[in-house]
Structure formats: C-alpha cells, structure tokens
Amino acid sequence: MSTLHFVALAPFIMAIFVPFLYHKFRHIHTGWFILPIPLLLFIYLIQYLPLGGAAMETVERSVPWVPSLNIHFTVFLDGLSLLFALLITGIGTLVVLYSIYYIANKKEEPLNNFYVYLMMFMGAMLGVVLSDNLIVIYVFWELTSLASSLLIAYWFHKEKSRYGAQKSMLITVTGGFAMLAGFTLLYMMTGTFSIREIISYGDVIVSSPLFLPAMILILLGAFTKSAQFPFHIWLPDAMEAPTPVSAYLHSATMVKAGIYLVARFTPVFGGQPEWFWIITSFGLFTLLWGSVSAVRQKDLKGILAFSTISQLGLIMSLLGLGSAAFHYEVVDGQSLYTVAVLAAVLHLINHATFKGSLFMVVGIIDHETGTRDIRKLGGLMTIMPITFTISLIGVASMAGLPPFNGFLSKEMFFTGTLNSATLDVFNVQTIGFIFPIVAWIASIFTFVYCMIMLFRTFTGNHQPEKLEKEAHEAPMGMLISPIVLASLVIVFGFFPNLLAYTIIAPTMQSILPGLLEPGEQFYVNVYHWHGLNTELFMTMGVVFFGAMIFLNARKWQETAFYLKERDPLNWFYDNGLVGLIKGSTAVNNVQMTGKLRDYFSFMFIFLVVVTGYMLWQRDAIAIDFANTAEISPYMYLISLSLILSTLVVPFLSKRISAIIVVGVIGFLVALLFVVFRAPDLALTQLLVETVMVVLFLLVFYHLPELRKESFKPAFKISNLIISIGVGLVVTLTALSAHAFSAANPISPISDYFVENAYALAGGNNIVNVILVDFRGLDTLLEVLVLGIVGLAVVVLIKFKSQKGEDV
Amino acid sequence: MEILMILTVGVLVTVATYMILTKSLLRVILGVVLLSHGAHLLFLTMANLKQGSPPLLGEEASSYADPLPQALILTAIVIGFGITAFMLVLAYRTYKAHGTDNFDELRGTEDE
Amino acid sequence: MRNTPVQLHVITRIVAFIILAFSVFLFFAGHNNPGGGFIGGLMSASALVLLYLSFDLKTIKRVIPFNYAKVIASGLLLAILTGIVGMFFGFPFLTQFFDYFPLPILGETELTTALPFDLGIYLVVVGFTLLVILTVAEDDN
C-alpha cells in the first residue's frame, strides 16, 4: 500500500467514522469533520504538479488484489489522472464547505447519510481516475453510480427524488455493465487488464475482429455516464438532489468520468475512423440538443442540467476531433488537431469552475427565496448583489464572452471544428463543414439560455408575493465557495498560461502519447487576441443572433416548443420501464402458478430438453457392454426386487403399505451397498432406514389417508411422460458416461486417499479417514446442517403463533 | 453389472419423478426419498463397480473399492436423512395448520 | 398404559444396552474398521428410540434428562474446537494430528484428534435424531 492508494481509500475510511462522529457530536455540523479530508488530499496531490516547465513524472504503485486473475490494484498517476484527482478533491473541498451552510444541522436532515454517501462517492471517483486496472476501474465506476443515486434520493420522501435516483441508476449501471463487457473483450484481445499494457498492444486491438464491439461497449459506458445523447435524460431528473450534490457530481466530477474514460482510451482507439466519427458526431449532437433544450427550461437547475449536457457534448466532440491528431506530424509540440485536445482539457477545467459556481449560486437563490422557477423570480440584483456578481461572471464565462476563461476555450473549440473541416483523413472533407456550423448554432443557443438565466433572475420586477420566503443575501459562509470558483474563472481568464505547463501539457501527453519525441512537450500558449480571424467573427455572430433571439423571447415563448419542457426522449424511458415491468409480470404470472407440481414440471422439462438435446447433438449416446463387471445370479434377484418394489409404490393407496414398501426399498439399497463392498454405507443406510421408519410412522399417524389422485387424465399422462422422460435421460446419460469412461480411462483421484490414508491420517478405514480428516470441513458443515434442521423442527412445532394460526 | 444397475437407477428416478409430480404431500416426500436412493446408487455405479475389497486398509488386499464416492454418499445419506425429517415435520405442521395435504388446496392467496 | 407389557420392558432393557454398548464399539472402531461418528451416533439413537418406544415418554425423561438441542450444540462446539486447535500452531483449520503413545493397560495406542472431532459428529447425530422424534412425539399429547 502506498500513499496514493491511501488517497483513494481515505474517503472510504472516513465514511466509516461519519456515523459515530454524527451521533457523538450532535451539535457540531458533521461537515466540519469531513472538510479536512478533501482539503488534505488536494494539498497532497498538488505537489505532484510539475513546476518550472519540467515534464511530469508518472507514478505507479501496485498492490495485488486477485493475482490469479491478473487483477492488481495499481495506482497510476499521470497528467490526466492528476487533473481529475485535483478537480475531485478541489471542488470537493468547496462543495463540502458549501454544504455545511446549505444543509442545516436539523433533526429531520440525516446528515450522517449525506456525508457517508458523499465520502463514498469521492473515494470511488478517485479510485476510477487513479487506477490502472480495468476491473478495479469498473468496481469504482459502479460505486460512483451507486453513490450518485443514493445522493439523488437523499430526500427520499419526495416522489421525484426516487424517480430520478432510479433513472440515473438504471441508465448508468446499464452503461457500466456494457463497459465491463467491453473491458472483457479487451482482455480477450490482449490478455491483460492494465491500461498501459493494453495501449502497447494497439496494433493487435485494431486488427482484431473484436475491435468495434469492444469500442462501442466501452463508449456506451462513457456516454451513459457523461449524459450524451440519447442517454442524457437521467441528468435533468438527477437535479432533485441537494444542490451541493448537483454542483459536485452532476457538473464537475461524476459526469466527467465518461470524458475521462474516452480520454484514457484515446491512445488505444484514437486514430481510427469509427472512434473519430462516433465521438465527434454524438458529442456535437449532444451539444446542440442540450443547448436547445436548455432554452425551454423554467427551472434554473433544469437550465443548468441541460447546459451541462451540452457542455459535456462539447468536450466529448473535441476529444473526438483531437483523435485525428494521430495521423499528423507534430511540429514544435503542436499540430492542427492537438488544438482540439488542448481545448477539451482547458474547457474541462473552465467548465468545472464556472458551472460549479453557477450551481452554487442557484442553490443560494433556491435557499433564500424558496424557488428556482424563473417565472417567479426577478429583480434580485439589488437584493442579492454578491450573488448577482458571481452569477454574472459565471454566466459570461459560460456564454463564451471575454475576458473570462470560457471565451478562451470557446474560441479554441471553434478553431478545432474549423480545422477539422479541412481534415483530409476519414473522408471528412465531404461533410466536415457541418462541424463548425453545428458548433456555431449550439453556441447561439448557449448564449440565449445564459441570458435567460441571468436576466430573468436578477432583472425585471421583484415579485415577493410569489416567493415562499423573503429574499435576502446569503450568509457569508455559503458565498465563500462560489466566490472562490468565480475568482478562479477570472484568474484563469486573465492568466490561462498558469495552467499551461503545470497541468494541460501533461494531460495532453497522457491523451496523445507517442506523438512527441522523448523530452519534448506539447506547446501550450493560450491568449485572448488572435487577430480578426474567423473565430472572432463567429463569436460576434453568436452574440448578435443570441441577443436577437433573447429580445424576441416574448414571441417564441408562446409556442409549444417552449411550453413543453420535458425532453421527448423520456417517453422511451418511461414506456420502456412500464413495458419491462408489465412484461416481467406477464411472464411471472405464466410461470409462478403457486402449484408445486408446475414448478417441478418446469425443472424436469428443462432438464430433459437441455440434457437430451446435448446428448443428441453431440452424438454422445453409447452403450458399452464389454467393459462391465460380472453379474452374479443373486444380483438379478436383488435388482429385480428393487425394480418391482419401486414400480409398486405409485399404486399403493394405503399409507402404511407405502411406508413399508419404501422402507423395503431402503433396505434393498443397503443390501446393494453390502454387495458393492461398502460396509460403512450399508450400516448407515440400515440405521437411517430404521430411524426413519419410526419417524414416518409417528408423522403419518397424523396425516390423512392417501387419496386417489384426482388428476384429470391429461395431467396424469403428462406426468407420466415427464417422469419417463426424466428417467430415460438419466439412464441414457449414465450409460453414455459409463461407455465414455470405459473408452477413456482416467486414474481416479481417490488413489491419493488410498495411498495416504494410513501415512497421513493414521487410519485404516479410508472412508472414515476421508470424512474426518481429508474432507473434515465437509463433514463439519454437514453436521451443521443437521443442527440447523433440528432447530428448525423445534421452531416449527414448539413456537406456534399465539392465535394458534400457522404463520 | 453396471448396465443392470443403471437400469435400476432409471426405474427409481422415473417413479420418484412421478411421485414428486403428484398432489399429495406424502407422495412427494416418498418421491424425494426414492430419488435420493437413485442418486446414491448412480454415484456408486459411475465409480465403477470393480470387485475389489472394501476400502479398509486392514484387509491388505491388492485393490480396493473406490472410497471417495462412498464417503460422499455417506454424507449424502445423512443429509438426506436430515432433509427428509425436516420435510416430514413440515408436512405434519402443514396438515395440522391447514387440515389438508393437497397441494392444490395449499396455494397461497391471490394477492401473494 | 394400562397393561404394561412386562416382557417387552425386560427385553428392551437388555437389548437397548447391548445396542448402546455396540454403538460405542462402532464409534471407536471407526478409524480402522467400519463405523465412526455417523454410524455410532445413529445406532445409539436407535437404542434410545427403542427405549422411548417401549416405555412412555415421562419415564425415560426422568432417566435421561438431556436437552438434545444442547447435545447438538456441544457436539458442534467440540468439532469446531478440535479444528481450531491446529490453527494455534499455524496449521489450516481442521488439520488433524495423530501419534502413538504407550498407555497403561492398553499398551501402545494411537491417539488422534480425529477422535474428538468424530465424537462431535456422534453427539450431533444422536441429538438431532432424538430431538426430531421427541419433538414430534411430544406435540401429539
């Protein structure tokens, strides 16, 4: 275990202590105990940042977990992991601080649950970004889904919270499962679960027929997590979570896990046309869909949710475009397409800052006014000046206006799409010109919803009669976190190159390895003024057309487009879920009849069909007359009497005769054991039979006389057919197995016991030695079963319910 | 010998299955008992019925019957004994509580 | 019972104790000859069942005042403890040991930890059989 392992596990360890702290120090807000954890982790991780233009050193520490399956908990820290780890712990610190003021320490708020889930999420997320082993990543990945849906359902008494939690769980876990399948395919191709080793097998993967399925399955995981179209529908419903959670999980970190996965796998799949087209097109479409849908929202958090979806699409499409970089020579640490990756990384950071602050602001507005509905809000500018200032910064950055950091990455995004239009690989030149157009249209809508958010909330008439509370400025503690984030927006806006060689270049290095000579670094220089180029004109167009649309809002807000705010794709989810439940109920009703006979029939028929089919299909039926032991004449007698007495049993109508005949069968079996040289078995069988007869008689004394079976003839015949089928299949299987083993003799494993019984266990009775020594645990568990049965019998008979009814 | 035994086992299994599919609690229990007899014999048969001496080293024979299946069957017999006893008591309680041993009448309520 | 079957009682008294003695023999013989915990246990149980059958419940309860649930528990405990002993010396759970010791009267004798383990099995089997039969029988009354 290294310190880095501890980084991922520390939040989990903390989670264990949370309930104790909560109950022990009831008067102190539990958040204060949590706060040091992400802060310390953040400070610890910062020291890995390379300073003074040196290249980042990667760190690797390994702990075996399931060595026999090649699964090791390997922590690998490179630029990409470090970027995400810093985001998780940094934003995590601010979110915890914010939550202390947002969720009051009241009796009805189960703070201990909240912080346990939050710690679980933080640890899982750190685990995802720090691990190198695919299986470990998968485990942590699903833990983030779990923690996320628990957090969404934090106020579980609300119907909508439960709906949102279930939806996010179903969609992300389905994706995670697909991802696991993809990982397994990768393992089949390369024989390793380590990502870095998989990267070195790039050629094997690309030439394998499993390449495309593996890629699509992994992308399914990434797209569901990162809310890409058409899986984005869970994110708006996830807004039912407390706002700190939305700020943390659903904008800054968890939804970016999909981005992380795509970035992580770019070295494996990047440079392939399928990868390029799927990611770019889904990303751009999500960008467009999200920004257009955001305009229709009336809930501030709804706007932010769709905005997050569209921004995630933006980052995703940039990663897709950037993957083309593998086809180009890198000159002076940059090429036409590394710009796209640079923009993706930069926007990732920017988005975390401005979206985090905006979510927190919306939380403040909700907290202080009691609503998030833009139709009820307005005129808050003078009432909440600090909040307004923060919002202004955040919104301007989101809209892509200078001098904030959003402008920088938005410009680069345009550059990236424009460059791609001239791409001469993957046949892009045919429809590549669509990329910048889509990007531009989506940016216009982005601008529109930014305006709606800002002006509908802070300008216009204040309507105190529509608000549940009297609006006033938030307490200082609540404002700290958004202020920190907003200052970062400005700092990164003015000094973007603070990030350049500390984190962006190392991250690009991990996304696009192998493009540079050893010792070289990607050239990163971000600045505002590029001259009067196409990108600047595009931004001007965005502002102009966006403002036009916003000013004419009165006209289009009457239309059905605006009035129906729910995403139409939800229809598929809701009806799909209903259909699934109906379908399984229908299947269930057919199958679960409540009759023992039916259940047994299903099992027997299944047995007959499956085994019979395999016997027939493999052509395995064989009888071997040669290799059999000799039959002594009395054997015929014993077998015959056994068969006859067995056949008689179903026809007996007196219970006493049935017991006796079954007893006789037991004794005959004991006799067979004697013949087959099994004295222990014979003794046991005899004694069991004796005791059993006593028990049978005791119990049967109370049971009613056997009645004639009142089955319909059809039933009777089907029973007969099933039982004959089962008997036949068992007989045939046994015969074929016997013939097979005669043809392919194997030395029995019991030779070991025969040879070692005396030497190792000091016993001459091999059967007994196996029971008490070699396989002692089996025997121990067996008598444990007897003990449990004994207790169950006592409970059944002695502990009847008070009213004399059976439970 | 093996073939004869396998046929015997087949008959045991067929009758056991038939008994299990009936409606009466009693018959089902008897069916399970028969089925376990069948399974034990099948197990013993599949381990080859070679006519060695019993697996007691004191016999000092040149070959022994296979001890491993015997140990397993011994375990199975005792477990089967326990399970049968449990089923019997269950049947007894069921009859005492509901006054019937017919499975069709023992179905749960509709809303279950 | 109104007419006590004297002959049955007399014979049962003798036979039951012969069976019990034989079951003890089977139990100890187990390691080298047919027998052992299961068989010894079942045979002891059937001797006791015979006693219960021929006398009435109350009489025997006075003579053998065991709580059979506790017999099962102590059997399980004994078996598990035997297994744990080896763990103190760094062996896996349920490792059995044996050696030969010169004992007075018996001479050179093999002592093995498998014996207490088998005794645990014996106790569970006896306890289980009688527990089930007696519980059902008592419910009749």
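In this predicted model, 78 residues of chain B are in contact with 97 residues of chain A. Chain B also meets chain C, through eight residues of chain B and 11 residues of chain C. For the complex, the predictor gives an ipTM of 0.92 and a pTM of 0.72. The points below cover the two interfaces of chain B, the nonpolar cores, one buried threonine and the confidence values.

**Chain B against chain A**

- About 8400 Å² is buried between chain B and chain A, and carbon and sulfur atoms give 78% of that area.
- The rule finds zero salt bridges across the interface of chain B and chain A.
- Three residue pairs in polar contact are found across the interface of these two chains, with both residues at pLDDT 80 or more.
- On the side of chain B that touches chain A, helices α1, α2 (25-46) and α3 of chain B each supply at least two residues.
- Helix α3 of chain B gives the most to that side, with 25 residues.

**Chain B against chain C**

- Chain B and chain C bury about 820 Å² between them, and 81% of this lies on carbon and sulfur atoms.
- Of the area that chain B buries against chain C, 48% is supplied by L56(B), F81(B) and Y92(B), which is more than any other three residues supply.
- Across the interface of chain B and chain C, the rule finds zero salt bridges.
- Zero residue pairs in polar contact are found across the interface of chain B and chain C, counting pairs with both residues at pLDDT 80 or more.

**Nonpolar cores**

- The largest nonpolar core has 211 residues.
- The residues with the most contacts inside this core are Y115(A), F183(A), L186(A), Y248(A), F265(A), F269(A) and I504(A).
- Helix α16 of chain A, residues 338-369, provides the largest share of this core, with 18 residues.
- Apart from this core lies another one, of 122 residues, and among them are M635(A), A757(A), I73(B) and F27(C).
- Y248(A), one of the residues with the most contacts inside the largest core, can be followed through its own contacts.
- Leaving aside neighbours within four places in sequence, Y248(A) is in contact with residues including I88(A), I91(A), G92(A) and V95(A).
- The contacts of Y248(A) also include L118(A), F121(A), M122(A), T253(A) and M254(A).

**A buried threonine in chain A**

- T172(A) is placed in helix α7 of chain A, which covers residues 159-190.
- T172(A) has a relative accessible area of 1%, so it counts as buried, the cut-off being under 20%.
- The side chain of T172(A) makes a polar contact with the side chain of S145(A), at 3.4 Å.
- With its neighbours within four places in sequence left aside, T172(A) is in contact with E142(A), S145(A), T224(A), K225(A) and W234(A).

**Confidence in chains B and C**

- The average pLDDT of chain B is 83, and 92% of its residues score at least 70.
- Among the elements of chain B, helix α1 (residues 2-20) has the highest mean pLDDT, 91, and helix α3 (residues 67-98) has the lowest, 88.
- The helix of chain B with the lowest mean pLDDT, α3, is also the one that gives the most residues to the side touching chain A.
- Chain C averages a pLDDT of 83, and 91% of its residues score at least 70.
- Among the elements of chain C, the mean pLDDT is highest in helix α2 (residues 37-54), at 88, and lowest in strand β2 (residues 107-112), at 71.

How values were computed. Residues are numbered from 1 along each chain as its sequence is written. Chains are lettered from A and ligands numbered from 1 in the order in which they are written. Side-chain values use heavy atoms; hydrogens and water are left out. A nonpolar core is a set of buried Ala, Val, Leu, Ile, Met, Phe, Trp, Tyr and Cys residues joined through side-chain atoms within 4.5 Å. Buried means under 20% relative accessible area, exposed over 50%, partly exposed in between (1.4 Å probe, protein chains only). Helices (H or I, at least four residues) and strands (E, at least two) are DSSP runs, numbered from the N terminus. Contact means heavy atoms within 4.5 Å. pLDDT is the predictor's confidence in each residue, from 0 to 100. Buried area is the accessible area (1.4 Å probe) that two parts lose on being put together, summed over both. A salt bridge is a side-chain nitrogen of Lys or Arg within 4 Å of a carboxyl oxygen of Asp or Glu. A polar contact is a pair of N or O atoms within 3.5 Å; within protein, one must be able to donate a hydrogen and the other to accept it, and residues adjacent in sequence count only if both atoms are side-chain atoms.
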